[in-house]
Amino acid sequence: QVQLVESGGGLVQAGGSLRLSCVDSGSTFSRYAMGWFRQAPGKEREFVAAISSSGLSIYYADSVKGRFTISRDNAKNTVYLQLNSLKPEDTAVYYCAADSQLEKVAGIIASDGMDYWGKGTLVTVSS
């Protein structure tokens, strides 16, 4: 069973940084590709970043490429998202997700949803 809990959100000024964490309390974390998604007020949830189970393959949305970094520590059952050079348009609830298929997490193939979702952490960027 995968249970994901995000943390690290908060209020930050434009240009600032945050590091989000997502911890899995289960024992199968290393088997799953992981991803970060976000949902801004009044908008649909969108893909942010994905990382393979081994950490060797990584994908980013164009809107965050060069500013955000996804990483994972399988020994700690944790996936991270480092957010740098934040902009007001990055304001959203950020969710982590786990799935057995990296291609689904990264949006490379069609998906009817991830295997598991966390409940999200709010990031607010002020101008």
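Which residues form a nonpolar patch on the surface? I looked this up in a predicted model, and I found Tyr59, Ile108 and Ile109, which together have about 250 Å² of accessible area.

I then examined Ile108. I located Ile108 in the loop between α1 (102–105) and β10 (116–117). Its relative accessible area is 46%, so I recorded Ile108 as partly exposed, given that exposed requires over 50% and buried under 20%.

Next I turned to the sheet. I traced an open sheet of four strands in the order β1-β3-β8-β7, paired antiparallel. At the edges I noted β1 (4–7) and β7 (68–73); each has a single partner strand, so one side of each is left without a neighbour in the sheet. From one strand to the next, I noted a twist that averages 15°.

Within this sheet I followed the pairing of β3 (residues 18–24) with β8 (residues 78–83). These strands run antiparallel and are joined by six bridges. Opposite Cys22 I found Val79 in β8.

Cys22 led me to the disulfide entry. How many disulfides are there? I counted one. Cys22 and Cys96 form this disulfide, with their sulfur atoms 1.9 Å apart, which lies within the 2.5 Å cut-off. The two cysteines link distant parts of the chain: I placed Cys22 in strand β3 and Cys96 in strand β9 (residues 92–99), 74 residues apart. For the S-S bond of Cys22 and Cys96 I recorded a torsion of about 45°, so the disulfide is right-handed.

Are Cys22 and Cys96 buried or exposed? I recorded both Cys22 and Cys96 as buried.

Definitions and conventions. Residues numbered from 1 in each chain as written. Predicted model: local features only at pLDDT ≥ 70, side-chain atom pairs only at ≥ 80, totals over all residues. Heavy atoms only, no water. Pairing = 2+ DSSP bridges. Axes fitted to C-alpha atoms, helices over the stretch in contact; angles between N-to-C directions. Patch = residues over 30% accessible without salt bridge, like charges linked within 9 Å, V, L, I, M, F, W, Y side chains within 5 Å. Areas by Shrake-Rupley, 256 points an atom, 1.4 Å probe, with all protein chains shown as cover. Salt bridge = Lys/Arg side-chain N within 4 Å of Asp/Glu carboxyl O. Buried < 20%, exposed > 50% of the residue type's maximum accessible area, 1.4 Å probe, protein only.
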